[in-house]
Amino acid sequence: MKPNRLAATCIVLFALVTGTAHAQGVEWNELNEAQRRLLAPHQQNWAELEPLRQQQIARGAERWLEMNRRDRATAQNRFELWRGMSDEQRAAARQRYQEFRRLPPAERARLIDTYRRYRMLPPDRRLELRQRFRQLSPEQRQILRERRVRGPNR
């Protein structure tokens, strides 16, 4: 897939998964030049898109254009991962994302910090933690998740 086509597809997918926007659409000629160039593969069916989808995609294109090379590579990798998921896996990912978004800001920040600390661990330590997690019962996993969200002193 060509880079621009992949980028445009990533943006469309990202908009489908995450966006919330107003119901007012975006006309093709209202997009800036860079957005039109990036979204060119979708020009023919742009007018057929729902107004909400147009806004989501236009915002996604703007975010894409503001990304640096590393962020774009990360987004493309995530898109490939998303494409490889089953419908059930995607539904579970959407549900987890919505649950995360509903958390109070302090709890979200705590989870993000925990994840960052986990990513900084050596690969062998991360593997050990994943294996220990897989050995837990579903009830034990849930208790651990709840503790992570609430923090150690709650």
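Modeller: Buried means under 20% relative accessible area, exposed over 50%, and partly exposed in between, with a 1.4 Å probe and protein chains only. This is a predicted model, where local features need pLDDT of at least 70, side-chain atom pairs count only at pLDDT 80 or more, and totals for chains, interfaces and linings use all residues. Residues are numbered from 1 along each chain as its sequence is written, and side-chain values use heavy atoms, leaving out hydrogens and water.

Biologist: Thanks! How many helices and strands does the protein have?

Modeller: Helices (H or I, at least four residues) and strands (E, at least two) are DSSP runs, numbered from the N terminus. Here there are 8 helices and 0 strands. Buried residues make up 22% of the 154 residues.

Biologist: What span should helix H4 have?

Modeller: The expected span is 1.5 Å times one less than the number of residues. H4 (residues 69-83) has 15 residues, so it should span 21 Å, and its end C-alpha atoms are 21 Å apart, which agrees.

Biologist: Which residues of H4 are buried?

Modeller: Ala 75, Phe 79 and Trp 82 are. They cover an arc of only 60° around the axis (taken from the directions from the helix axis to the C-beta atoms), which puts them on the same side of H4. The face turned away from that buried side carries the exposed Arg 69, Arg 70, Asn 77 and Leu 81.

Biologist: And which residues does Arg 126 contact, leaving aside its neighbours within four places in sequence?

Modeller: Contact means heavy atoms within 4.5 Å. Arg 126, found in helix H7 (residues 123-135), is in contact with Tyr 118, Arg 119 and Leu 121.
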